[in-house]
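Here is a friendly walk through a metal-binding ligand and the protein around it. Have a look at the model first, and then we can go through the contacts together.

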Amino acid sequence: MEQEQLSLWLAVVSYVIAGMLAIFGVVFAKKYEKSILFFMSVGLVLHAIALGLRWIRLEHGPYLTMFEILSSNLFTLMLFFIIFYWRYKPVRPSAAVVLPVLFIMMAWMMFTPHDAGMIPASFDTIWLWIHIGFGKVFMGAVLVAVGMGGIIVLRQCAWGGRKFSNLPSNERLDDLAFRFMAVALIFDSLMLIAGALWAHDAWGRYWGWDPLETWAFITWLVLVIALHLRSTFKLSHEQGAYLIFTVFALGFLTFYGMPFISNAPHQGTFG
Amino acid sequence: MNFVSRRLVRYSASLKLTLFLFLIFGAGVILWHFTEHELKNWLITIPLLLLAFNLMTALLTNKIFRIHGWLLLFHVGLLLLLLLIGISQVTKLIGSVEVTNGTVYDQSSVQWQQGIFHRNRLDKLQFKLEKFTINYAPSHGTVVRQDTQAYITWLDEEGGVKKGIVGDKVPLKIYGYKLYTTHNKGFAPMFKWQPNQGFPIEGSVHLPAWPEHEFNQVNELQIPNTPYKLWLNLKFFDPIFSTTEPSTFRIPSDFTLIARVEEQRYELQPGGFIEFETGRLEFLGLNTWMGFQIFYDWSLPWMLGAALLALFGLAGHFWKKFAPTPWQESLEEEEKK
Ligand code: HEM
């Protein structure tokens with residue numbers, strides 16, 4: 001238990017150092033890229049240890065309580081971003097946008113009670129993994145797009161224009177962002193399909209418009225609207241960025257704002 | 001005329017209309033949650049119908065779909081999906097029924113909603129709930145529900161007797177209906193009403209689901225064909241589940257059924273009775289009931305197929321769009337300029 005806490009804290013500290021370096025790097029025009037990659041990776045390993053220890057202790061994966069969901073999503077978002085950071089060198093300074101977004105999640109996670117939860121019978125299925133896995137890729141892809149959008153928006157002010165001047169043009173950033181949004185749509189769709197199949201297995205209905213399903217659907221719809229808007233109208237890059245933020249915010253609310261374990265239908269209780 | 005109809009097609013196939021309809025659809029879904037109106041499903045149905053129409057005219061007239069086969073496949077998949085959702089809505093049935101342990105299913109206690117074209121055959125179903133077990137496991141100071149097994153005997157469509165165990169992910173399938181066990185189950189006091197003149201009747205009262213309504217084990221009993229109404233409350237202190245050992249849902253070994261008739265209060269044990277002017281009500285004992293979810297929708301596998309087809313098309317579209325120019329390369333090209 002203590003080791004678990006310790007490695008979680010150390011992981012967060014590592015992430016925060018990486019984030020601070022990313023911000024300093026942009027502000028003081030310094031290249032800390034290797035160190036940032038190092039601290040993110042160390043944080044990820046420590047985080048994996050914390051998750052693993054908890055898994056062994058509670059005998060179930062991190063998908064029940066708010067704390068577990070925040071923690072495991074922070075982990076996969078980090079993982080996704082590290083891979084992106086490693087592969088897409090020209091846009092590495094986007095870490096200065098992405099990591100602070102993740103700071104919010106970290107703070108939230110640390111202030112959420114770390115208690116154990118109970119597993120409903122309906123969680124004993126492969127669909128859990130498929131559904132959640134798709135969801136994580138979806139959020140990871142949108143997070144990368146948020147990084148691109150963040151730079152586009154920051155560049156609107158003179159300061160941001162200077163600081164991010166040697167990054168690719170807004171046009172290229174927008175292009176990259178919407179490639180990731182395309183990936184996001186595929187995985188969001190897969191997540192909804194897997195979720196519906198799971199719901200059918202677990203509750204004998206595939207779609208019931210419960211609050212979680214509704215928000216997940218609205219998120220999907222807004223993502224579709226964003227893509228359609230972009231191909232129907234000539235959107236400016238900033239407008240594209242705000243669309244990305246909206247999708248991210250909705251996805252975030254769906255994952256964390258809604259009670260995660262939706263109520264099974266309570267029909268036929270009395271009689 | 002030709003001019004007018006061409007304009008009409010152009011408007012109805014327009015992508016701006018699509019966007020507008022998306023917004024209407026989203027708004028409809030949200031509004032749906034804030035109303036209890038009986039027609040509320042139209043908030044979702046109408047935008048979907050309009051979207052389907054919009055999509056269909058676009059598929060027929062927009063040239064882009066002739067150039068981009070993958071995009072076409074994707075949108076055709078979507079149209080199929082919309083169509084199937086529509087068909088599903090008018091042919092499906094969703095319902096629930098509570099069956100007392102050891103008794104046969106009674107169509108009159110089913111609550112259901114069905115599409116206008118659903119051929120209702122709930123009256124054809126014949127099955128008996130022989131018994132059921134629900135296992136619980138201790139977990140960090142509380143209990144967690146595990147597997148449910150319901151032992152069912154039923155008549156299939158040819159009238160053959162079948163026996164089987166259904167539960168959690170294995171529904172009972174008869175006449176195209178799927179019946180799933182649910183977490184809804186509870187206690188059922190059983191009674192025998194012996195009128196001074198006439199035949200006795202037996203029946204049970206389903207108390208609210210347990211343990212969900214653990215502290216509200218109350219219900220009313222209106223004795224059929226009499227003015228007598230009883231208020232019932234089940235009391236027991238025997239913990240059904242153990243927080244340290246595996247346990248199963250069962251009838252408490254020590255319980256009292258409190259019955260109130262107007263101002264009179266009775267404490268009943270099995271075999272206990274209450275005398276009325278026109279007859280006598282005997283408390284036979286405590287039984288259990290299981291809640292089943294009833295589901296009929298033949299379109300499901302087709303919907304899954306359409307959704308996967310659409311997704312396949314979408315993936316193909318994006319692949320074709322992005323793969324020829326990897327982003328890094330497009331960047332280098334820009335730098336060269
Ligand atoms: C109902 C759900 C719908 C979804 C999820 C959807 C999704 C999409 C997506 C993802 C694209 C590709 C955008 C890109 O390449 O970046 C697209 C393009 C397109 N959609 Fe839809 N669409 C839907 C409905 C419709 C409807 C109702 C119409 C009817 C007008 C329509 C017409 C088009 C057209 C014409 C394009 C090509 C636009 C272009 O690239 O210029 N879509 N759609």
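In the side chain of B:H317, an N or O atom sits 2.8 Å from an oxygen atom of the ligand. Please keep in mind that this is a predicted model. Two further side chains also make polar contacts with the ligand: B:K321 reaches one of its oxygen atoms, and A:H228 has a polar atom 2.4 Å from one of its nitrogen atoms. Side by side, the contacts look like this:

| Residue | Ligand atom | Distance |
|---|---|---|
| B:H317 | oxygen | 2.8 Å |
| B:K321 | oxygen | 2.6 Å |
| A:H228 | nitrogen | 2.4 Å |

Which elements give two or more residues to the shell around the ligand? Chain A offers helix 8, while chain B offers helix 2 (15–32), helix 3 (42–61), helix 4 (64–67), helix 5 and helix 6 (300–322). Helix 8 of chain A gives the most, with five residues. In total, 25 residues surround the ligand, and the closest are A:H228, B:T18, B:H75, B:H317 and B:K321. By character, the shell divides into 17 nonpolar residues, seven polar ones and one charged. The ligand itself lies between chains A and B.

Now to the metal. Which protein atoms are donors to the iron atom of the ligand? They are NE2 of A:H228 and NE2 of B:H75, lying 2.1 Å from the iron. A:H228 belongs to helix 8 (residues 211–232) of chain A and B:H75 to helix 5 (residues 69–91) of chain B, so this pair of histidines joins two chains. Are these two residues buried or exposed? A:H228 is buried, and B:H75 is buried too.

The iron atom has six donor atoms, and its site is octahedral, with angles among the donors running from 72 to 178°. For comparison, six octahedral donors would ideally give angles of 90 or 180 degrees.

Finally, a look at chain B as a whole. Its secondary structure comes to seven helices and 15 strands. The radius of gyration of chain B is 29 Å, well over the 20 Å that the globule rule gives for 337 residues, so the chain is more spread out than a compact globule. Along the principal axes, the C-alpha atoms of chain B fill a box of roughly 95 × 55 × 45 Å. Of the 337 residues in chain B, 44% are buried.

Note on methods:
Residues are numbered from 1 along each chain as its sequence is written. Chains are lettered from A and ligands numbered from 1 in the order in which they are written. This is a predicted model: local features need pLDDT of at least 70, side-chain atom pairs count only at pLDDT 80 or more; totals for chains, interfaces and linings use all residues. Side-chain values use heavy atoms; hydrogens and water are left out. Donors are N, O and S atoms within 2.8 Å of the metal (3.2 Å for Na, K and Ca); water is not among the atoms, so sites may look incomplete. Four donors count as tetrahedral if all angles lie between 85 and 135 degrees; four count as square planar and six as octahedral if opposite donors are over 155 degrees apart and all others between 65 and 115; anything else is irregular. Helices (H or I, at least four residues) and strands (E, at least two) are DSSP runs, numbered from the N terminus. Buried means under 20% relative accessible area, exposed over 50%, partly exposed in between (1.4 Å probe, protein chains only). A residue is near a molecule or strand if one of its heavy atoms lies within 4 Å of it. A polar contact is a pair of N or O atoms within 3.5 Å; within protein, one must be able to donate a hydrogen and the other to accept it, and residues adjacent in sequence count only if both atoms are side-chain atoms. Ala, Val, Leu, Ile, Met, Phe, Trp, Tyr, Cys and Pro count as nonpolar, Asp, Glu, Lys and Arg as charged, and the others, Gly among them, as polar. The radius of gyration is taken over C-alpha atoms; the globule rule is 2.2 Å times the number of residues to the power 0.38.
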